[in-house]
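Let's take a walk through this structure together. Have the sequence and the 3D view open, and we'll go from a pair of charges out to the whole chain and back again.

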Amino acid sequence: MIRHIVFFSVRPDEDVEKVRTGLLALGRIPHSRLFEVTLNSKVDPMCDKIDIVVYAEFEDAAALAAYKAHPIYSETTNKVRPMRELRFSADVVAVS
C-alpha cells in the first residue's frame, strides 16, 4: 500500500475553505482506497505554515499513477495552484 500525503499552505489573500473545497474534487477519482482533505489543527508550535492536508491510500504504484493521470487531477491542480503558496508531497510505502 502507498500512502500519499500532501501539505498545502494557502496564499494570505485566498480563502482556505475555498482551496479545501477545490481539493475535495480529487476524492471523485476512483483509484484510492481512502481519501481525506482536512484542515491542519496547527497545534504544533514549531510549524503553523500548513493549512490543508490531503491524505490518500493506494493499493500500489499503478493505482497512484492512474490517480495522477486522471483528468480530474489536472483540473484540480489548475484550479488550486494559483491559490496555494506551498505544496509538499510524500508517497510512502506502508510497512505494515
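**A tour by way of the charges**

Start with Arg 33 and Glu 59, whose side chains meet in a salt bridge, 2.8 Å from N to O. Arg 33 sits in the loop between α1 and β2, while Glu 59 sits in the loop between β3 and α2, so this pair ties together parts that are 26 residues apart in sequence. How open are the two partners? Arg 33 is partly exposed, with a relative accessibility of 48%, and Glu 59 is partly exposed too, at 49%. Keep in mind as we go that this is a predicted model.

Now zoom out. The chain has three helices and four strands, and if you follow them from the N terminus, they come in the order β-α-β-β-α-α-β. The radius of gyration is 13 Å, close to the 12 Å that the globule rule gives for 96 residues, so the chain is as compact as a globular protein of that length. If you drew a box around the C-alpha atoms along the principal axes, it would be roughly 35 × 30 × 15 Å.

What about the inside and the outside? Of the 96 residues, 35% are buried. The accessible surface comes to about 5,800 Å², and carbon and sulfur atoms supply 56% of that. Contacts tell their own story: counting those with a separation of 6 or more, 74% are between residues 24 or more positions apart.

Back to the charges. The chain carries 13 positive and 14 negative side chains, and the centres of the two sets lie 3 Å apart. How many salt bridges does the structure hold? There are four, and the Arg 33 and Glu 59 pair is one of them.

Another one links Arg 20 with Glu 17, where the closest N and O atoms are 2.7 Å apart. This pair stays within one element: both residues belong to helix α1 (residues 16-24), and being three residues apart there puts about one helical turn between them. Glu 17 is partly exposed, at 34% relative accessibility.

Next, look at Lys 42 and Asp 51, which form a salt bridge with their closest N and O atoms 2.6 Å apart. Is each partner buried or exposed? Lys 42 is partly exposed, with a relative accessible area of 36%, whereas Asp 51 is buried, at 12%. You'll find Asp 51 in the loop between β2 and β3. Setting aside neighbours within four places in sequence, its contacts include Phe 8, Ser 9, Val 10 and Val 16, as well as Thr 38, Leu 39, Asn 40 and Lys 42. For a sense of distance, the C-alpha atom of Asp 51 is 12 Å from that of Leu 23, a residue 28 positions away along the chain.

Finally, visit Glu 57, in strand β3 (residues 52-58). Which side chain of opposite charge is nearest to Glu 57? The answer is Arg 3, at 4.1 Å, and Glu 57 is buried yet has no salt bridge. The cut-off here is 4 Å from a side-chain nitrogen to a carboxyl oxygen. Leaving out residues up to four places away in sequence, Glu 57 touches Met 1, Ile 2 and Arg 3, along with Ser 32, Arg 33 and Leu 34. That brings us back to Arg 33, the salt-bridge partner of Glu 59 where the tour began.

Methods: Residues are numbered from 1 along each chain as its sequence is written. This is a predicted model: local features need pLDDT of at least 70, side-chain atom pairs count only at pLDDT 80 or more; totals for chains, interfaces and linings use all residues. Side-chain values use heavy atoms; hydrogens and water are left out. Helices (H or I, at least four residues) and strands (E, at least two) are DSSP runs, numbered from the N terminus. The radius of gyration is taken over C-alpha atoms; the globule rule is 2.2 Å times the number of residues to the power 0.38. Buried means under 20% relative accessible area, exposed over 50%, partly exposed in between (1.4 Å probe, protein chains only). Contact means heavy atoms within 4.5 Å. Accessible areas come from the Shrake-Rupley method with a 1.4 Å probe; for residues, only the protein chains shown count as cover. Lys and Arg count as positive and Asp and Glu as negative; His and the chain ends are not counted. The place of a charge is taken as NZ of Lys, CZ of Arg, CG of Asp or CD of Glu.
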